[in-house]
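Subject: Structure handover and what turned up in it

Hi,

Here is the structure I promised to pass on to you. Have a look at it first, and then read on for my notes.

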Amino acid sequence: MSAGFPSPAQDYLDGKLDLNSYLIKHPAATFFMRMTGDAMVSAGIFDNDLLIVDRSIQPENNSIVIAVLNGELTVKKIIKNQQGTYIKSSLPNNKENNLEITEDIDFSIWGVVTKVIHELHR
């Protein structure tokens, strides 16, 4: 015998939710990183956000990537067009800057950011 009312959420339950299957497409090639700084705020990525990064995905135009630039890890948006390949930050107040990727620059891509997890800001 039960007392009380059924939960209104019961109508919306689809069964168990496996966050790994929802968030990770290629488990062997996926890792997590913590964002530091505000360089990607305009892209919706904030300081201390958790980034889900897939190393098996090839970056496309406008992908957010984890890159090694001159020996340091960085989070940037990649831009590919007829003029070349560029990376840029998405700084607050639209102070976006582009850096052209040339053979002279020590640059490699570690992976593509596929998801961002952050707390709701108040």
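A residue is called buried when its relative accessible area is under 20%. With that cut-off in hand, strand E5 (residues 84-88) comes out as mostly covered, since four of its five residues are buried. Please keep in mind that this is a predicted model.

**The overall picture**

The protein chain has one helix and seven strands, and along the sequence they follow the pattern α-β-β-β-β-β-β-β. Of its 122 residues, 31% are buried. The accessible surface amounts to about 9000 Å², and carbon and sulfur atoms hold 50% of that. If you look at contacts with a separation of 6 or more, 52% of them join residues that are 24 or more positions apart.

**Around E5**

Which strands does E5 pair with? One partner is E4, in the antiparallel sense and over five bridges. Another is strand E6 (residues 98-100), again antiparallel, over three bridges. To find the pairing on your screen, you could start from Lys80, whose bridge partner in E5 is Thr85. On the E6 side, Ile87 has Leu99 as its bridge partner. The connection from E4 to E5 is a hairpin of two residues.

After E5 the chain enters the loop that leads to E6, and Ser90 sits in that loop. Is Ser90 buried or exposed? It is buried, because its relative accessible area is 2%, below the 20% limit. Ser90 also has a partner from far along the sequence: its C-alpha is 4.4 Å from that of Met40, although 50 residues separate the two in sequence.

**The cores**

Met40 turns up again in the largest nonpolar core. This core has ten residues: Met33, Met35, Met40, Ile45, Leu51, Val53, Ile64, Ile66, Val75 and Val113. Strands E2 (50-54) and E3 (64-69) are the elements that give it two or more residues. Apart from it lies another core, made of eight residues, including Val65, Ala67, Ile101 and Phe107.

Ile64 is a good residue to click on in the ten-residue core. What does Ile64 touch, once neighbours within four places in sequence are left aside? Its contacts are Met40, Ala43, Ile45, Val75, Lys76, Lys77, Gly111, Val112 and Val113.

**Thr74 and Asn62**

Thr74 belongs to strand E4. It counts as buried because its relative accessibility is 18%, where the limit is 20%. Beyond its neighbours within four places in sequence, Thr74 is in contact with Val65, Ile66, Ala67 and Leu69.

Asn62 is found in the loop between E2 and E3. Its relative accessibility is 43%, so Asn62 counts as partly exposed. Asn62 touches Lys77, Ile78 and Ile79, not counting residues up to four places away in sequence. With Ile78, which is 16 residues away along the chain, the C-alpha separation is 5.3 Å.

**Two asparagines with positive phi**

Two backbone angles may interest you as well. Asn48 is not a glycine, yet it has a positive phi of about 80°. You will find Asn48 in the loop between strand E1 (30-34) and E2. With a relative accessible area of 48%, Asn48 is partly exposed.

The other residue is Asn70, where phi is near 50°, again a positive value in a residue other than glycine. Asn70 lies in the loop between E3 and strand E4 (72-81). Is this one buried or exposed? Asn70 is exposed, because its relative accessible area is 54% and the class begins over 50%.

**On the surface**

One last item is a nonpolar surface patch of about 360 Å², made by Leu17, Leu19 and Tyr22. Of these, Tyr22 lies in helix H1 (residues 19-23).

Happy browsing, and best wishes

Key
Residues are numbered from 1 along each chain as its sequence is written. This is a predicted model: local features need pLDDT of at least 70, side-chain atom pairs count only at pLDDT 80 or more; totals for chains, interfaces and linings use all residues. Side-chain values use heavy atoms; hydrogens and water are left out. A nonpolar core is a set of buried Ala, Val, Leu, Ile, Met, Phe, Trp, Tyr and Cys residues joined through side-chain atoms within 4.5 Å. Buried means under 20% relative accessible area, exposed over 50%, partly exposed in between (1.4 Å probe, protein chains only). Contact means heavy atoms within 4.5 Å. Accessible areas come from the Shrake-Rupley method with a 1.4 Å probe; for residues, only the protein chains shown count as cover. Patches are made of residues with over 30% relative accessible area and no salt bridge: like charges are joined within 9 Å, nonpolar side chains (Val, Leu, Ile, Met, Phe, Trp, Tyr) within 5 Å. A salt bridge is a side-chain nitrogen of Lys or Arg within 4 Å of a carboxyl oxygen of Asp or Glu. Two strands pair if DSSP finds at least two bridges between them.
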